[in-house]
Amino acid sequence: MVEILLDDSKSVDAELADTILKKSWGLSRRTKGKMLFVFIKPGRPAIDMMLVSEPLNLYFLDSDKKIVDVCSAEPWTLDPRSWRLYRPKQDSKYLLESFEDLGLEEGDSVEFSL
């Protein structure tokens, strides 16, 4: 687990996606939780919602842990038109996924140690 400081008074714990399996599955087949992904280098990763049953909040962060994009991602259905990939507007080094809206916006910064 990684403690993520959202501001001076609020922090959350997130599971670290530190294996290939965790990176592949993310929060699929769950209904609660938070997960932090660390990418090898900054880029614009494609995130799918194939096996996720509830909407997710996606917080993309740059190398300085500043939020560069926020997305509300919807689960895929049987209708292929719902099969969307989510990519950040800018290169990101980290992704924080959460079922809970954390109240973070573009330009906000968070702190954590790995």
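**Exercises: a pocket and a loop residue**

α1 (20-25), β3 (34-43) and β6 (92-98) each contribute at least two residues to the lining of the largest pocket. Residues are numbered from 1 along each chain as its sequence is written, and this is a predicted model in which local features need pLDDT of at least 70, side-chain atom pairs count only at pLDDT 80 or more, and totals for chains, interfaces and linings use all residues. Side-chain values use heavy atoms, without hydrogens and water.

**Exercise 1.** Describe the largest pocket (an open set of 1 Å grid points that fit a 1.4 Å probe, with protein on both sides within 12 Å along at least five of seven lines; lining atoms lie within 4 Å of a point).

*Solution.*
- Start with the space: the largest pocket holds about 290 Å³.
- Next, find its centre: among 19 lining residues, K23, S24, W25, I47 and D48 are closest to it.
- Then look at the elements (DSSP runs: helices of at least four residues, strands of at least two). The most generous one is α1, which gives 3 residues to the lining.

**Exercise 2.** Locate D62 and trace what it touches.

*Solution.*
- First, place D62 in the loop between β4 and β5.
- Now list its contacts (heavy atoms within 4.5 Å). Leaving out residues up to four places away in sequence, D62 touches V68, D91, S92, K93 and Y94.
- Pick D91 from that list: its C-alpha atom is 6.7 Å from that of D62, although 29 residues separate the two along the chain.
- Finally, follow the D62 side chain, which reaches the backbone nitrogen of D64 at 2.9 Å.

**Exercise 3.** Which residues does L56 contact beyond four places in sequence?

*Solution.*
- Set aside the neighbours within four places.
- What remains is L27, M49, C71, S72, A73, E97, S98 and F99.

Methods: Grid points are joined across faces, edges and corners, and a volume is the space filled by probe spheres set on the points. A polar contact is a pair of N or O atoms within 3.5 Å; within protein, one must be able to donate a hydrogen and the other to accept it, and residues adjacent in sequence count only if both atoms are side-chain atoms.
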